[in-house]
Every structure is written in structure tokens, then in C-alpha cells.
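Open the model in your viewer, show the side chains, and keep the selection tool at hand. The stops below follow one another.

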Amino acid sequence: MHINGNEVMISLLEIDTIEDEIVAYNAKDNKIITFNKMASFIWSIIMEMENTEVNVTTKQITEKIFKTFHIKEIEEKEVYADVDDILNQFIDANLIKRKA
């Protein structure tokens, strides 16, 4: 799988959904991670594409957010920045790991 042109691996997590938000347990790091609604939506997009060779981009995720949540395109830069920030948080939390 690729995200923004970078080949990545997804960490093995135990996942549960509570009211449209994800709670994940990373047994390797012994951490529980909670995702807000937007992060949960982004994570679900990533998981749909996990076993593919598709390159998922911030722009594609942003477009799906617009369509799903009926957000005005005026807010595109803000949403794009938020998506990029969430993807970086996934990397920082070792949920997504860049392959060397």
C-alpha cells in the first residue's frame, strides 16, 4: 500500500467501533488509541486499501470527506491540512510505518 507516494505497512491492531469512533489496541506497544470521528473515517479508508497497490493521497481522502460529510469546498485547505495532520499522527503513533 502507498500513502502519498510512500510505501507503508499498517500495524496490527485490535479494533472496536463505538458510536462511529474507533478504539484501537496496539499489543506490541501496549497502548490504547482513540480516534475521533474524522480520524476514524480516514482510518477506514486506509484499511479498505490496505492490501492493494493503490496510492492513497491526501487529496483523495479530502474529496471523500467532502462527499460524505457535505463539507463546503471553501474549507478545502483546512480539511486538506487536517487530513495531512491526521496521517502524520498515524505515522508518529506507529500505526502506519514507512517501508525503507
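Begin by selecting Phe69, which in this predicted model has a relative accessibility of 27% and therefore counts as partly exposed. Now add Phe41, whose relative accessibility of 18% falls under the 20% cut-off, so that Phe41 counts as buried. With both side chains displayed, look at how the rings meet: their centres are 5.1 Å apart and their planes stand at 75°, so Phe41 and Phe69 make an edge-to-face pair. The pair links distant parts of the chain, since Phe41 belongs to helix 1 (residues 37-49) and Phe69 to helix 2 (residues 58-69), with 28 residues from one to the other.

The structure holds four aromatic pairs, and the next one to select is that of Phe35 and Trp43, where the ring centres are 5.6 Å apart and the planes are at 65°, so this pair is edge-to-face. Phe35 is buried because its relative accessibility is 3%, and Trp43, with a relative accessible area of 2%, is buried as well. Add Phe90 to the selection, and you have one aromatic cluster formed by Phe35, Trp43 and Phe90.

For the last stop, turn to the strands and select residues 21-26, which are strand 4, together with residues 31-34, which are strand 5; these pair in the antiparallel sense over four bridges. Within this pairing, Ala24 of strand 4 stands opposite Ile33 in strand 5. The two strands form a hairpin with four residues between them, and in the turn you can pick out Asn30, which has a positive phi of about 55°.

How values were computed
Residues are numbered from 1 along each chain as its sequence is written. This is a predicted model: local features need pLDDT of at least 70, side-chain atom pairs count only at pLDDT 80 or more; totals for chains, interfaces and linings use all residues. Side-chain values use heavy atoms; hydrogens and water are left out. Rings of Phe, Tyr and Trp (its six-membered ring) pair if their centres lie within 6.5 Å; planes under 30 degrees apart count as stacked, over 60 as edge-to-face and the rest as tilted. Buried means under 20% relative accessible area, exposed over 50%, partly exposed in between (1.4 Å probe, protein chains only). Two strands pair if DSSP finds at least two bridges between them.
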